[in-house]
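The following exercises are to be worked with the sequence and the coordinates at hand. Each task is followed by a solution in steps.

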Amino acid sequence: MIGRAIMGKAASGRHRVAITGAGTINALGLDVPATFAAMREGRSGIGPLDFRDVDRLTIRIGGQVRNFVPEDHFNRQQIVLYDKFTQFTLLAARQAVEQSGLIFDGELGLMSGVVLGTAAGGVNTWDENYRTVYEEGKNRVHPFVVPKLMNNAAASHLSMEFGILGPSFTVATACASSNHAMGLAFNMIRSGSSTVVLTGGSESMLCFGGVKAWEGLRVMTKDACRPFSATRNGMVQGEGAGVFVFEDWDHAVARGADILAEVVGFAMTSDAQDIVMPSAIGAQRAISGAMHDARMNPEEVGYINAHGTGTAANDKTECAAVANAFGPHADRLMISSTKSMHGHLIGGTGAVELLACLMALREGVIAPTIGYEEPDPECALDVVPNEAREARVDAVLSNAFAFGGLNAVLALRRV
């Protein structure tokens, strides 16, 4: 580490990036400690879906957030204006900012930004208002429909809640949205253009229209998510948010912040091949690119949080990409899919999954791939089946591979 970095700048002269806050709400828990506890226990948050017209769906399970009462966190005017994906984002961000101890006043407010990922923004608002005009035959909708459903709504509300006056925007790249957002936030701080960026992602597609659209793809399972197992039969949708405070390393050290981990590398690639079928070559280039960006040797990586959707196309492609990127070391590293527990949060998934990386680096606990039943010769890696494992790891990767052939991989180091 001494040879790699001097004070707050890497050997390349770029600024180092610390994570100084984390927050979440997802099917495993309403905050980070509850989520870590569930991941340690290998507990599933997936269960029967509960919303209007669920009986008309073929797929009736999901990683739905339970015990969430909006009135406990927002007033009536705010609930009218906030779609559920915005509500999730605000709750996760409040946790992250509180943990960081930051107050965005003066110069810090001017030098801070918000970069979030979401694939579809206010899907619940779309769904409710399509009902109003098509099913109920009404010709008027609420005047706040557009500001409620727009993809950048959550990012804008974070800027307003915390007084953040720098760049705030949203990235929409399907299932890689959060990783793209966090990668951009990382580069904004690394370049010196921002001091702090609130970043991560959110999604809430668990409504009749949201699930019905995914049913059409025929990639969902009716029973359980079993990534990398020969018995897998598809993915399970989830919902929620993960938000992190990415902060200039020198700024964090100067104020005595508790640094959770260091973000050290990021890469993104395009398959340029097919709108739904993934490419092992594109994924491998993103994995290798993130390690190259981090100046990290493959042998340094101890754990990968996989994209791991539980579909045959993704799992086999991802395992081939990892095997090719790591060579002989692929047999010695651990890779798990926490989607088996919290479901696939689509545009928000990379953000919640980064928590498993933090848990590995901070607590030495590797979250398992639950539901694993039978080895698949085409996924012959250590997928940490069914039970969490204690292990010291110094460097980790987080993979995200999206429809459209868009790949984004982050690299983190232990502090």
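**Exercise 1.** With which residue does Asp394 form a salt bridge, and how far apart are the closest N and O atoms?

*Solution.* The model is a predicted one.
Step 1. The partner of Asp394 is Arg414, and the closest N and O atoms of this salt bridge are 2.9 Å apart.
Step 2. The two residues are 20 positions apart and link distant parts of the chain: Asp394 belongs to the loop between β14 (389-390) and β15 (395-402), whereas Arg414 belongs to the segment after β16.
Step 3. The relative accessible area of Asp394 is 37%, so Asp394 is partly exposed. Arg414, with 25%, is partly exposed.

**Exercise 2.** Determine which residue pairs with Arg413 in a salt bridge, and assign a burial class to each partner.

*Solution.*
Step 1. Arg413 forms a salt bridge with Glu300, with 3.0 Å between the closest N and O atoms.
Step 2. Because Arg413 lies in strand β16 (residues 406-413) and Glu300 in the loop between α11 (280-293) and β11 (301-305), the pair ties together parts that are 113 residues apart in sequence.
Step 3. The cut-off for a buried residue is under 20% relative accessible area. Arg413 has 5% and is therefore buried. Glu300 has 25% and is therefore partly exposed.

**Exercise 3.** Identify the elements that the salt bridge between Glu363 and Arg40 links, and state the accessibility of both residues.

*Solution.*
Step 1. Side chains of opposite charge can pair when their charged atoms come close.
Step 2. The side chains of Glu363 and Arg40 meet in a salt bridge at 2.5 Å, N to O.
Step 3. Glu363 is located in helix α14 (residues 349-363) and Arg40 in helix α1 (residues 32-41); the pair, 323 residues apart, links distant parts of the chain.
Step 4. Glu363 is partly exposed at 37% relative accessibility, and Arg40 is partly exposed at 36%.

**Exercise 4.** Place the charged side chains in the context of the whole structure: how many salt bridges are found, and which residues are linked in a network?

*Solution.*
Step 1. The protein chain carries 34 positive and 43 negative side chains. The centres of these two sets lie 2 Å apart.
Step 2. The whole structure contains 25 salt bridges.
Step 3. A network of salt bridges links Arg52, Asp53, Arg56, Asp127, Arg131 and Glu135.

**Exercise 5.** Describe the surroundings of Ser168.

*Solution.*
Step 1. Ser168 is part of strand β7 (residues 168-171), and its relative accessibility of 30% makes it partly exposed.
Step 2. When neighbours within four places in sequence are left aside, Ser168 is in contact with Gly113, Val114, Ala155 and Ser159.
Step 3. Ala154 is 14 residues from Ser168 in sequence, and their C-alpha atoms are 10.0 Å apart in space.

**Exercise 6.** Decide whether the radius of gyration of the protein chain agrees with that of a compact globule, and characterise the fold as a whole.

*Solution.*
Step 1. A compact globule of 415 residues would have a radius of gyration near 22 Å; the protein chain has 20 Å, and therefore the two agree.
Step 2. The C-alpha trace spans about 65 × 55 × 40 Å along its principal axes.
Step 3. The protein chain comprises 14 helices and 16 strands, and buried residues make up 60% of its 415 residues.
Step 4. Of the contacts with a separation of 6 or more, 77% are between residues 24 or more positions apart.
Step 5. The accessible surface is about 15,900 Å², and carbon and sulfur atoms account for 54% of this area.

Definitions and conventions: Residues numbered from 1 in each chain as written. Predicted model: local features only at pLDDT ≥ 70, side-chain atom pairs only at ≥ 80, totals over all residues. Heavy atoms only, no water. Helix = DSSP H or I, 4+ residues; strand = E, 2+ residues; numbered from the N terminus. Rg over C-alpha atoms; globule rule 2.2 N^0.38 Å. Buried < 20%, exposed > 50% of the residue type's maximum accessible area, 1.4 Å probe, protein only. Contact = heavy atoms within 4.5 Å. Areas by Shrake-Rupley, 256 points an atom, 1.4 Å probe, with all protein chains shown as cover. Lys, Arg positive; Asp, Glu negative; His and termini not counted. Charge placed at Lys NZ, Arg CZ, Asp CG, Glu CD. Salt bridge = Lys/Arg side-chain N within 4 Å of Asp/Glu carboxyl O.
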